[in-house]
Amino acid sequence: MVTTKLETKSSIDIPNVQQEAAKVQNDKFLQNTQIGDDQKVKDLPQGEATIPMGECNDAEYIQINEVVSPSRANNDRKLSLLPLVFLIFYEVSGGPFGVEDTVQAAGPLLALVGFLVFPIIWSIPEALITAELGTMFPENSGYVVWVSSALGPYWGFQQGWVKWLSGVIDNALYPVLFLDYLKSGIPALGGGVPRIIAVVGITLVLTYMNYRGLTIVGWVAVLLGILSILPFVVMGLISIPKLRPTRWLVADVHNVDWNLYLNTLFWNLNYWDSISTLVGEVRNPKKTLPKALFYAVILVVLSYFFPLLAGTGAVPLERDLWTDGYFSDIAKILGGVWLRWWIQGAAALSNMGTFVAEMSSDSFQLLGMAERGMLPEFFAKRSRHGTPLIGILFSASGVILLSWMSFQEIVAAENFLYCFGMILEFIAFVRLRIKFPNASRPFKIPGGTIGAILLCIPPTILVGVVLAFSTVKVMIISLAAVAVGLVMQPCLKRIEKKRWLKFSISPDLPDIHHDNGGLLH
């Protein structure tokens with residue numbers, strides 16, 4: 001995949017034209033690098049100025065000096081808007097499965113307030129940053145190239161390592177959640193050999209689905225998303241006569257498990273940036289990605305809030321029972337066994353959708369890092385379906401190895417690693433705004449550099465709070481994992497220098513570090 005050159009040769013978006021003509025216009029643009037974002041580029045012919053924020057016509061755009069690869073030219077395998085919305089939905093949420101612990105930790109009121117306030121503090125800022133940087137760098141290395149462009153390849157690799165690891169840890173959770181919802185109906189799945197066989201079997205089947213192609217995964221996500229949400233719509237309608245609004249107001253601030261509460265909220269409302277590692281597979285990402293993120297934010301918040309309203313308002317509160325899988329018990333109380341089985345089936349479908357979406361993101365990230373020369377070349381190998389074969393195998397192996405962990409352990413460990421990656425991401429976002437204010441940004445968050453800094457303050461404070469509530473065990477394990485990445489990058493560079501493995505940068509990508517007057521010096 002290819003990305004905008006953010007160098008002193010600042011690129012601008014133009015319709016499909018001959019590249020030689022584009023180069024001439026690029027040279028003209030060099031003479032105007034000091035003009036502001038809102039000032040028209042006078043040296044350019046009419047119609048070739050940078051597109052204003054949020055506007056984009058329906059043409060497929062290329063960049064100056066961009067070489068359109070065969071894989072990019074094949075739009076049949078590209079993701080359109082609707083599949084992309086549901087892939088983001090599954091990267092972040094997948095439905096209300098797993099939100100039950102917020103009620104156990106803090107009671108109904110704080111749980112409901114959390115799923116309204118937390119998106120404002122965290123989800124919306126992260127989605128906006130993803131929209132700006134994802135359209136600025138439309139390639140599969142995603143947040144890796146963001147950090148690498150701003151802070152250098154060493155920190156770009158660290159970003160890739162902690163994000164990939166947190167993603168694999170996250171994906172190990174979904175077979176666990178899947179079986180937790182089924183074990184009330186099939187007790188044998190509660191532990192032992194049957195559970196191990198089930199975890200391995202589920203992982204292999206869903207891994208094969210990823211191997212078959214991202215387009216299939218996208219439309220499967222749409223189907224699974226609809227089927228996962230539908231039973232909660234029915235449950236909500238059935239609950240209306242039984243709702244008691246006073247139950248929503250129950251709160252006991254002196255009896256709150258803040259660690260469980262914050263970790264569960266954070267886990268259910270993060271990973272908006274994960275879709276950035278699939279941007280290279282999106283049709284016209286400059287237009288499609290911001291729209292998809294907007295619709296996905298609305299879908300995710302509604303899919304959490306209304307089931308919680310129904311569950312806490314229609315059933316007498318017993319906080320100890322509110323743990324993962326409890327929505328199926330609420331369904332039985334409200335509608336009977338048939339609704340319980342429907343919710344359990346929806347949980348299975350949801351976890352399948354989340355698994356395939358997360359694995360797609362993780363595996364394409366490894367492909368993108370290999371195309372950037374950060375990993376050995378064999379990670380860039382695609383199957384005949386266009387999918388990253390080695391990345392899928394590595395991600396699936398990590399899921400199987402980590403699936404023995406409990407729900408709470410998985411959530412806490414992945415949150416810690418994810419927080420480390422988000423700190424790098426926020427720094428990269430602000431640094432790119434300061435150092436390259438005139439670089440092409442097809443979608444740009446308003447407010448200038450000051451606005452960018454202010455946008456990052458609330459989520460950064462939240463990251464600090466989540467890290468502060470981490471247990472010593474989780475902190476030690478997570479810091480050890482971070483340390484592995486700090487050592488791994490120099491080791492890989494030595495392997496490359498000794499030529500023990502082949503590393504290469506894809507010719508379809510601009511060199512963001514070493515071109516004339518590149519981003520970093």
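**Reading a predicted model, feature by feature**

Q: Let's start with one residue: is Arg-499 buried or exposed?
A: Arg-499 is exposed, because its relative accessible area is 75% and the cut-off for exposed is over 50%. You'll find Arg-499 in the segment after helix H18 (472-498). Its phi is positive, about 60°, even though Arg-499 isn't a glycine.

Q: Which way does Tyr-271 go, buried or exposed?
A: Tyr-271 counts as buried, since its relative accessibility is 2% and buried means under 20%. Tyr-271 sits in the loop between helix H11 (258-268) and helix H12 (285-314). Tyr-271 isn't a glycine either, yet its phi is positive, near 75°.

Q: What does Ile-216 count as?
A: There's a class in between for that, from the same cut-offs. Ile-216 has 37% relative accessibility, so it counts as partly exposed. Ile-216 belongs to helix H10 (residues 214-239). Its C-alpha atom is 9.6 Å from that of Leu-79, although the two are 137 residues apart along the chain.

Q: Where does Gly-398 lie, and which residue is 233 residues away from it along the chain?
A: Gly-398 is part of helix H15 (residues 389-402), and that distant residue is Leu-165, with 8.4 Å between the two C-alpha atoms. Gly-398 is buried because its relative accessible area is 13%.

Q: How do I check the length of helix H14, and what should it span?
A: Count 1.5 Å a residue: the 35 residues of H14 should span 51 Å, and the end C-alpha atoms are indeed 51 Å apart, so the two agree. H14 is mostly covered, with 28 of its 35 residues buried. After H14 comes Gly-373, with a positive phi near 80°.

Q: Which residues touch the most other members of the largest nonpolar core?
A: Of its 139 residues, those are Leu-87, Ile-88, Trp-122, Met-235, Trp-272, Phe-327 and Phe-429. Helix H14 (residues 337-371) gives this core the most, 13 residues. To see the packing up close, try Trp-122: leaving aside neighbours within four places in sequence, its contacts include Phe-266, Leu-269, Tyr-418, Met-422 and Pro-459.

Q: Where does pLDDT stay under 50?
A: Remember, this is a predicted model, and pLDDT is the predictor's confidence in each residue. The average here is 82, and 81% of the residues score at least 70. Over residues 1-73, though, pLDDT stays under 50, and the model has 152 contacts beyond four places in sequence for them. Residues 515-521 are also below 50, with 21 contacts in the model beyond near neighbours in sequence.

Definitions and conventions. Residues are numbered from 1 along each chain as its sequence is written. This is a predicted model: local features need pLDDT of at least 70, side-chain atom pairs count only at pLDDT 80 or more; totals for chains, interfaces and linings use all residues. Side-chain values use heavy atoms; hydrogens and water are left out. A nonpolar core is a set of buried Ala, Val, Leu, Ile, Met, Phe, Trp, Tyr and Cys residues joined through side-chain atoms within 4.5 Å. Buried means under 20% relative accessible area, exposed over 50%, partly exposed in between (1.4 Å probe, protein chains only). Helices (H or I, at least four residues) and strands (E, at least two) are DSSP runs, numbered from the N terminus. Contact means heavy atoms within 4.5 Å. The expected span of a helix is 1.5 Å times one less than its number of residues. pLDDT is the predictor's confidence in each residue, from 0 to 100.
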